[in-house]
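Me: I'd like to practise reading a structural model one feature at a time. Could you take me through it, starting with the backbone and moving on to packing?

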Amino acid sequence: MSEASINDATVVSISEGVLSREAGGDTVLLSLEQERYFSLEGAANRMWELVSESKTTTIGSVLAAMQEEFDVDPEVLQADAFRVFRLLAEQGLVRLG
């Protein structure tokens, strides 16, 4: 999915075969398919938690929850979220649609 096609209505869900565990305030992900570990921290960690809680959600829902929790410019948050979810999708950790 290209950057231009990601928007607030984009549905995001965790890919099958991805395990996650909290470790010292960060989240460690294991892709069983790739046999690789990934680590998320800070805002990316919180984005993952919000998707994990609902299994399937929209990027807009994640942004709304984060906007209530953090004092951040909405445009900066949106740009960061689009980048994080695009990178997670490129690694096969989430599905966007």
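Me: Where is the place of K55?

Reply: K55 sits in the loop between α1 and β5. Please keep in mind as we go that this is a predicted model.

Me: What is the sign of phi at K55, and where does the residue fall relative to α1?

Reply: K55 comes just after α1 and takes a positive phi of about 70°. Note that K55 is a residue other than glycine.

Me: Is K55 buried or exposed?

Reply: The general idea is to compare the relative accessible area with a cut-off: over 50% is exposed, under 20% is buried, and anything in between is partly exposed. K55 has 57% relative accessibility, so it counts as exposed.

Me: Which residue that is not a glycine has a positive phi of about 55°?

Reply: That is E35, with its positive phi of about 55°. E35 belongs to the loop between β3 and β4, and its relative accessibility of 69% makes it exposed. For a glycine case, look just after α3, where G92 has a positive phi of about 75°.

Me: Let's turn to helices. Why does the distance between the end C-alpha atoms of α1 agree with its 13 residues?

Reply: The trick is to work out an expected span, which is 1.5 Å times one less than the number of residues. For the 13 residues of α1 this gives 18 Å, and the end C-alpha atoms are 19 Å apart, which agrees. You can repeat the check on helix α3, residues 74–90: its 17 residues should span 24 Å, and its end C-alpha atoms are 24 Å apart, so the two agree.

Me: What happens at the start of α3?

Reply: Look for a side chain that reaches a backbone nitrogen. Here a side-chain oxygen of D73 comes to within 2.8 Å of the backbone nitrogen of E75.

Me: How do the axes of α1 and α3 cross?

Reply: First take the approach, then the angle. The two axes come within 10 Å and cross at roughly 70°. Angles of 65 to 115 degrees count as roughly perpendicular, so that is how α1 and α3 stand to each other. On the α1 side, the contact is made by A44, M47, W48 and V51; on the α3 side, by L77, D80, A81, V84, F85 and L88. By class, these residues divide into nine nonpolar, no polar and one charged.

Me: Which residues of α1 and α3 are buried, and what do those of α3 pack against?

Reply: In α1, the buried residues are A44, N45, R46, M47, W48, L50 and V51. In α3, they are L77, A81, F82, V84, F85, R86 and L88. The buried residues of α3 pack against β1, β3, β4, α1, α2 and β6.

Me: Could we follow one residue of that helix? What does L88 touch?

Reply: L88 is in helix α3 and counts as buried, at 6% relative accessibility. Not counting residues up to four places away in sequence, L88 touches L29, L40, W48, L93 and V94. Take W48 as an example: it is 40 residues from L88 along the chain, and their C-alpha atoms are separated by 9.6 Å.

Me: What about polar contacts: which residue's side chain is joined to that of E69?

Reply: Look for N or O atoms within 3.5 Å of each other. The side chains of E69 and R46 are joined by a polar contact of 2.8 Å. E69 lies in helix α2 and is partly exposed, with a relative accessible area of 41%. Outside its sequence neighbours up to four places away, E69 touches R46 and L50.

Me: And which backbone nitrogen lies 3.3 Å from a polar side-chain atom of S15?

Reply: The backbone nitrogen of V94. S15 is in the loop between β1 and β2, and its 11% relative accessibility means that it counts as buried. Leaving aside neighbours within four places in sequence, S15 is in contact with G92, L93, V94 and R95.

Me: One last residue: is T57 buried or exposed?

Reply: T57 is buried, at a relative accessible area of 14%. You will find T57 in strand β5, residues 56–58. Beyond neighbours within four places in sequence, T57 is in contact with T10, V11, V12, V51 and V62.

Notes
Residues numbered from 1 in each chain as written. Predicted model: local features only at pLDDT ≥ 70, side-chain atom pairs only at ≥ 80, totals over all residues. Heavy atoms only, no water. Helix = DSSP H or I, 4+ residues; strand = E, 2+ residues; numbered from the N terminus. Buried < 20%, exposed > 50% of the residue type's maximum accessible area, 1.4 Å probe, protein only. Contact = heavy atoms within 4.5 Å. Polar contact = N/O pair within 3.5 Å; in protein donor to acceptor, adjacent residues only side chain to side chain. Axes fitted to C-alpha atoms, helices over the stretch in contact; angles between N-to-C directions. Parallel < 35°, antiparallel > 145°, perpendicular 65-115°, else oblique. Nonpolar A, V, L, I, M, F, W, Y, C, P; charged D, E, K, R; others polar.
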